[in-house]
Amino acid sequence: MHIVLILVGIVVTVLVCSTLADRLRLPAPMVLLAIGIIGSFLPFVPSIELTPELVLVALLPPLLYSSALQTSILDIRANLSAVLQLSVALVVVTTLAVGAVLHWLAPDIPWAVAIALGAVVAPPDAVSASAVARRIGLPHRIVTVLEGESLLNDATALVALRTAVAAIAGTVALGSVGLDFVIAAGGGVLIGLLVAAVVVMVRRHVKDPMIDTGISFVIPFGAYILAEEVHASGVIAVVVAGLLIGHKAPIVQTAASRITERVTWRSIAYLLEHAVFLLIGLQVAGILRNLDPSLSAGYVLGVCAAVLATVIGVRIVWMVLMHLGRRILRPGSPAEPVSYALVTGWAGMRGVVTIAAVFVIPSDVPHHDLLVLVALAVVLGTLYLQGLSLPWLTRLLRVEPADPADDALARATLLHQAHLAGIDTLDECEESDPHAIQGMLRERLEQRTAATWEQLSTTEGQETPSAAYTRYRRRMIDAERARVLEVRSEGVAPSHVVTEVLGTLDLEESMLDTSGETRGVLVARGAGEGGYCADLEEYPAVETDPNPACERCEAEGTTPVALRQCLVCGEIGCCDSSPRRHATDHFHRTGHAVMQSAEPGETWRWCYLHTVTG
């Protein structure tokens, strides 16, 4: 009962503090960390020790697996060089640099122990990086590199730590360090591939969403334990398995299984990610109480500050050197601004793995209590110093966040191409259609595609057809749900039937278009590259009429939704969300393929012939 009360208390604290932080517009992880620190000094708050077994076996596998499921393996492959340089090379360099600084400041700490602490504080935390990156909206390239790095760097650090601890015990030679790392990493990859292959094979035969989601609970722990049993890297095994399983999910899972698993793991990750920061804060009082009283406060603070400065400084210098190296080795290729390197370098927050891993160092080594305090100082220093100042730094360096208009344009283009593929398949159907089903399908496809294009319209005060449809349908669903609940209270319908009908309404409501909400944050800055074709190359963007109007809509008395201008002849027509679809009609009549948005502030173009944007 005591353990249950503690778990309930943690969940309630996480939910309350997260809700309060959102309303106060504060980072929830930082609030939870502060609450944990305060709670660690209160006598009525139970002491919770973050043991290596609790973190490395119980918390880390599901957190890494959840992140890996949502990470694109294609994005990792596209940025593989940068990810490996950070997750492997930088971790090793940081480990050695911290070890050298610590041994210099405290010569009585052996080299092996100093290197072990370097491995403890070297890897940035996956949870911290993702939480901050999502909150401030960093560019996609930076987020991809940070998430890829945080998925793999724990493995490098933990293998280095295991080797250093073995050196402390005198059971490993210096020459075997590299071989031990290769075996651990390679074994982790093989175990991850094996687990992914088995899961993919099993899932091809599983259609029940509940069973499928239950299988996903076993995967991270199974991959981790299996790898550790054969002395391979459990972290790498979990990450590899998660990346591959997530990549194969659209092929081997049913739609219902994917929806159930996605919602379930998002809930689990949300609770675990936030609980981790609370648990870190709860360690503070215990660590301070165990500090050797013979060490002066000035000396302790000096060591903590020196290690923290080394951790931060090495990462920033490394990122700048990487940036300069790319410019020198690839002088003709387009280079990212140095601000990207600086922001990536500053986004190196440490977290729960550092707190847990420091207790892997044997307790009988010299100044063990000081080592634990240094690890805590690095975690708190990077989380508060870097985490809180990162939004300010991005604004100072003018690093623009990911533009939602670019995402909306890419989404509309992709769905339009999917629309064409679906229509082509429908055209190939040769059987009779006595119920006019094909017409209904075409209409639904057109409504869905039109809704995505409407998200690009930034005209204020104008409600799109899809937004109006959503507003009306939600009111209808509310009324339908209320009537079903009345029937339920009357007891005239079987409970399982009521549950099924309510589920159907919930599913339909969740699928309603949210373009009205999305358009509220879209400010088109010009579309990114959505594709290439000769027509787009021939007709670049031009200045459009500041007061555009569809003359055919005015003549016919219809209301246009969003206007498009033909770049061949200059005629302006309304988009496919309008009743008459004059822009598309103009293409069919004239063959003029390239249209440009005529809405204020929008410069994106569309080629009807090749269905790409530019």
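These questions and answers cover helix packing, one sheet and a few single residues in a predicted model.

Q: Why is helix H3 called oblique to helix H10?
A: The axes of H3 (residues 52-70) and H10 (residues 209-229) cross at roughly 120°. Angles of 65 to 115 degrees count as roughly perpendicular, and those over 145 as roughly antiparallel. The crossing angle fits neither class, so H3 is oblique to H10. The axes come within 9 Å.

Q: What is the handedness of the crossing of H3 and H10?
A: The crossing of H3 and H10 is right-handed.

Q: Which residues in H3 and H10 meet?
A: From H3 come Leu56, Val57, Ala58, Pro61, Pro62 and Tyr65. From H10 come Ser216, Ile219, Pro220, Phe221 and Tyr224. The contact of H3 with H10 holds 10 nonpolar residues, 1 polar residue and no charged ones. Ser216 is one of the residues on the H10 side, and serine counts as polar because it is in neither the nonpolar nor the charged list.

Q: What makes helix H20 roughly antiparallel to helix H21?
A: The axes of H20 (residues 465-490) and H21 (residues 495-511) cross at roughly 170°. An angle over 145 degrees counts as roughly antiparallel. The crossing passes that cut-off, so H20 is roughly antiparallel to H21. The two axes come within 10 Å.

Q: How many nonpolar, polar and charged residues does the contact of H20 with H21 have?
A: There are 7 nonpolar, no polar and 7 charged residues. On the H20 side are Arg473, Ile477, Glu480, Arg481, Val484, Leu485 and Arg488. On the H21 side are Val498, Val501, Leu502, Leu505, Asp506, Glu508 and Glu509. Arg473 and Glu508 are among these residues. They count as charged because Arg and Glu are in the charged class.

Q: In what order do the 5 strands form the open sheet?
A: The order is S2-S1-S3-S4-S5, and the pairing is antiparallel.

Q: Why are S2 and S5 called edge strands?
A: Strand S2 (572-574) and strand S5 (612-613) each pair on one side only.

Q: How do you know that S1 pairs with S2 and with S3?
A: Two strands pair if there are at least two bridges between them. S1 (residues 563-566) is joined to S2 by 3 bridges. S1 and S3 (residues 594-597) also have 3 bridges. Each count meets the cut-off, so S1 pairs with both. Both pairings are antiparallel. Leu563 has Cys574 as its bridge partner in S2. Towards S3, Gln565 has Gln596 as its bridge partner, and Arg564 stands opposite Ser597.

Q: What pairs S3 with S4?
A: S3 and S4 (residues 605-607) share 3 bridges and run in the antiparallel sense. Val594 has Cys607 as its bridge partner. Met595 stands opposite Trp606.

Q: Which helix packs on the sheet?
A: Helix H25 (residues 582-590) packs there, touching S1, S2 and S3. Its direction makes about 120° with that of S2.

Q: What makes both faces of S1 covered?
A: Leu563 and Gln565 on one side are buried. Arg564 and Cys566 on the other side are buried too. In S3, Val594 and Gln596 point one way and Met595 and Ser597 the other way, and all are buried.

Q: Why is Ile572 called buried?
A: Ile572 has 15% relative accessibility. Buried means under 20%. The value falls below that limit, so Ile572 counts as buried. Ile572 lies in strand S2. Beyond its sequence neighbours within four places, Ile572 is in contact with Asp545, Pro548, Ala549, Cys550, Leu563, Arg564 and Gln565.

Q: Why is His367 called partly exposed?
A: His367 has a relative accessible area of 21%. Buried means under 20%, and exposed means over 50%. The value lies in between, so His367 is partly exposed. His367 sits in the loop between H16 (352-357) and H17 (368-396). Its phi is near 55°, a positive value in a residue other than glycine.

Q: Why does Arg398 count as exposed?
A: Arg398 has 72% relative accessibility. Exposed means over 50%. The value passes that limit, so Arg398 is exposed. Arg398 lies in the loop between H17 and H18 (404-428). The phi of Arg398 is positive, near 55°.

How values were computed. Residues numbered from 1 in each chain as written. Predicted model: local features only at pLDDT ≥ 70, side-chain atom pairs only at ≥ 80, totals over all residues. Heavy atoms only, no water. Axes fitted to C-alpha atoms, helices over the stretch in contact; angles between N-to-C directions. Helix = DSSP H or I, 4+ residues; strand = E, 2+ residues; numbered from the N terminus. Parallel < 35°, antiparallel > 145°, perpendicular 65-115°, else oblique. Left-handed = near helix turned anticlockwise from the far one by under 90°. Contact = heavy atoms within 4.5 Å. Buried < 20%, exposed > 50% of the residue type's maximum accessible area, 1.4 Å probe, protein only.
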